[in-house]
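Here are my notes on the structure you sent, set out as numbered points. Please read them with the sequence and the model open beside you.

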Amino acid sequence: MIGLRYALSLIGAALAAPAAMAQPVATPAAPPASEPAEVAAPTPAPAAPVPACELHVWPAARVSAITQGVGAGFGIIGALIDTAAHADQNKRDTAFITGTLDAQAQAQVLRDLDLPAKLHLPPSQVIIHDQGIDTKRDDPQRLSNSTTPCYTEFVVRSLSYFQNIAYRGQMRTFLEVRRFDGATVKLDFRDSRHEDLKVKLPKEGEDTGPATDALLTAFRGDVAFFSDKYARKYK
Amino acid sequence: MGGACGRRNRVLAQVCAAPAILGLALTAAVPATAQTLPAQPPSAAASPPPGPCELHIWPATATHTTFQGWVHAGAVDGAQRGVKGYPDLHASALDTGQQVRLLATIDWRTAFSDPALVVVVHSAPTGAADDRARTSRLVTEGSSPCYREMIITSSIVESEVFSKQSVRILALRKRFDDAGSQPANFSSMSQAAILFSDADKTAADSSVRLDAAVQVAFVTAVGKFAVMQSFH
């Protein structure tokens, strides 16, 4: 049953997929002692204007890892046995992805990618939330309390790892962009993209470095591909 | 240290590490602040190092939860976010403050086979963007040439319908052997089952007992990592 649930959740997800700092300051020459000291106050550098637009970003709300063996091909009973046999591995892989691609790591990748430019948005203030959020297709409301007129949402909906006898290991990222006109959504674009991992996810005691790099690279590639696709479609 | 012990010979390393596992113990509660354990006088070793080694330890930012049930599955921090169908896995028992308190209870000198080890448990996460790629020390001022960092990068309480509920940590050890050296990194994960009996479940204070069980599992998982790192 759980195998069926896992399979259904995967299929369902796939279908739904979608300063003034360090400025050189000339030291004024010391005034003559007889004259009153008159030191011009240094003019502060004008602060960069904050963009009027906002791009709100949420990290993944869901993470799943599923490894299937040959048992998965023998009906519900086979799938159930297979799921039970891989339970520890699935638990371990899910936790590893959750820990490696946590909100902080995702935020770092998304900052490096310069999402407003990638998505062809106007200059935007990027606000990265530190906890994931579940979105619904029919929800036209904003996910944040922001009331700024120029407002876009970028949601990492799910991270999903899948491996079976045919596929060595795939990381799929489900993403969503919601653009707003006032308070209601005017565009909702969902898609997913997967990358094949070149390395296996580690077991306890094994070096996690290579798999960490592979997951970060896959996530970066998925987001970049999705963003380019969105920009091409809605330019 | 135990690492040197482990690097010479794998079998010898396991012998060296065995007391480390046994030596992990919960002792009296310690305030959740950065704390330096006083250096003990070194034993009469054959070739004592020039100064005591330092071990700096940092907790994870928070503890996440993963859950795979019969009906609901996949949401990260489901209960914390109020997602329907996700039970409270007591991750709050491992918030940063509790991690610091628990990390300070571990007998690191036994785990690292170094009675002179100076241990500092920091009260907040490192805050660095990429600790694995970093080649410099986080604590530079006055640190010993023999310097180690142990960073809990993630702490997770996990539940799977076909598997035992457990606590898993992802951790990174950086070993600096002398002042100008590049660090030797070891990053891995370890887990320990949350031992929670039927009697605990039915007890009036079952929530408190589950908190304690989660914390014991965290200490055990950290202890396992301490042993693992001694082989690298």
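1. In this predicted model, helix 3 and helix 6 (residues 206–229) of chain B have axes that come within 10 Å and cross at roughly 60°. Angles from 35 up to 65 degrees fall outside both the roughly parallel and the roughly perpendicular classes, and helix 3 of chain B and helix 6 of chain B are therefore oblique to each other. The crossing by which helix 3 of chain B passes helix 6 of chain B is right-handed. On the side of helix 3 of chain B, the contact is made by B:Gln98, B:Leu102 and B:Leu103, and on the side of helix 6 of chain B by B:Gln215, B:Phe218, B:Val219 and B:Val222. Sorted by class, the residues of this contact are five nonpolar and two polar, with no charged residue.

2. Chain A offers a helix pair that can be read alongside it: helix 4 (residues 103–113) of chain A packs against helix 6 (residues 209–233) of chain A at an angle of about 45°, with the axes 10 Å apart. That angle makes helix 4 of chain A oblique to helix 6 of chain A, and the crossing of these two helices is right-handed. Helix 4 of chain A contributes A:Ala105, A:Gln106, A:Val109, A:Leu110 and A:Leu113 to the contact, while helix 6 of chain A contributes A:Leu216, A:Phe219, A:Arg220, A:Val223 and A:Ala224. By class, this contact has eight nonpolar residues, one polar and one charged.

3. Two histidines deserve a look at the backbone. Most residues other than glycine have a negative phi. B:His90, however, has a positive phi of about 60° although it is not a glycine, and this residue is found in the loop between strand 3 and helix 3 of chain B. Is B:His90 buried or exposed? B:His90 has 23 C-beta neighbours inside 10 Å and so counts as buried, the cut-off for that class being 20 or more.

4. The second histidine is A:His120, whose phi is near 60°, again a positive value in a residue other than glycine. A:His120 is found in the loop of chain A between helix 5 (115–118) and strand 3 (124–128). With 13 C-beta neighbours inside 10 Å, A:His120 counts as partly exposed, since the exposed class ends at 12 or fewer.

5. Turning to the interface, 30 residues of chain B are in contact with 32 residues of chain A. Which elements give two or more residues to the side of chain B that touches chain A? They are strand 3 (63–68), strand 5 (147–160), strand 6 (163–176) and strand 7 (184–193) of chain B. By class, that side of chain B has twelve nonpolar, twelve polar and six charged residues. For the model, the scores are ipTM 0.78 and pTM 0.79.

6. As to overall make-up, chain B has six helices and seven strands, which run from the N terminus on as α-α-β-β-β-α-α-β-β-β-β-α-α. Buried residues make up 47% of the 232 residues in chain B, and among the contacts in chain B with a separation of 6 or more, 72% join residues 24 or more positions apart. Chain A comes to six helices and six strands, in the order α-β-β-α-α-α-α-β-β-β-β-α from the N terminus on, and buried residues make up 35% of the 235 residues in chain A.

7. Confidence should be checked stretch by stretch. Chain B averages a pLDDT of 82, with 78% of the residues scoring at least 70, and the mean pLDDT of chain A is 82, with 80% of its residues reaching 70 or more. Within chain B, confidence is lowest in helix 2 (residues 10–23), at a mean of 38, and highest in helix 3 (residues 96–103), at 97.

8. A caution concerns the stretches in which pLDDT stays under 50. In chain B these include residues 1–33, for which the model has 59 contacts beyond four places in sequence, and residues 38–46, for which the model has nine such contacts. In chain A, pLDDT stays under 50 over residues 1–39, for which the model has 47 contacts beyond four places in sequence. Where pLDDT is low, the predicted coordinates should not be read in detail.

Terms used: Residues are numbered from 1 along each chain as its sequence is written. Chains are lettered from A and ligands numbered from 1 in the order in which they are written. This is a predicted model: local features need pLDDT of at least 70, side-chain atom pairs count only at pLDDT 80 or more; totals for chains, interfaces and linings use all residues. Two residues are in contact if their C-beta atoms, placed from the backbone, lie within 7 Å. Helices (H or I, at least four residues) and strands (E, at least two) are DSSP runs, numbered from the N terminus. Ala, Val, Leu, Ile, Met, Phe, Trp, Tyr, Cys and Pro count as nonpolar, Asp, Glu, Lys and Arg as charged, and the others, Gly among them, as polar. pLDDT is the predictor's confidence in each residue, from 0 to 100. Axes are lines fitted to C-alpha atoms, for helices over the stretch in contact, and angles run from 0 to 180 degrees between N-to-C directions. Angles under 35 degrees count as roughly parallel, over 145 as roughly antiparallel, 65 to 115 as roughly perpendicular and the rest as oblique. A crossing is left-handed if the near helix is turned anticlockwise from the far one by less than a right angle, and right-handed if clockwise.
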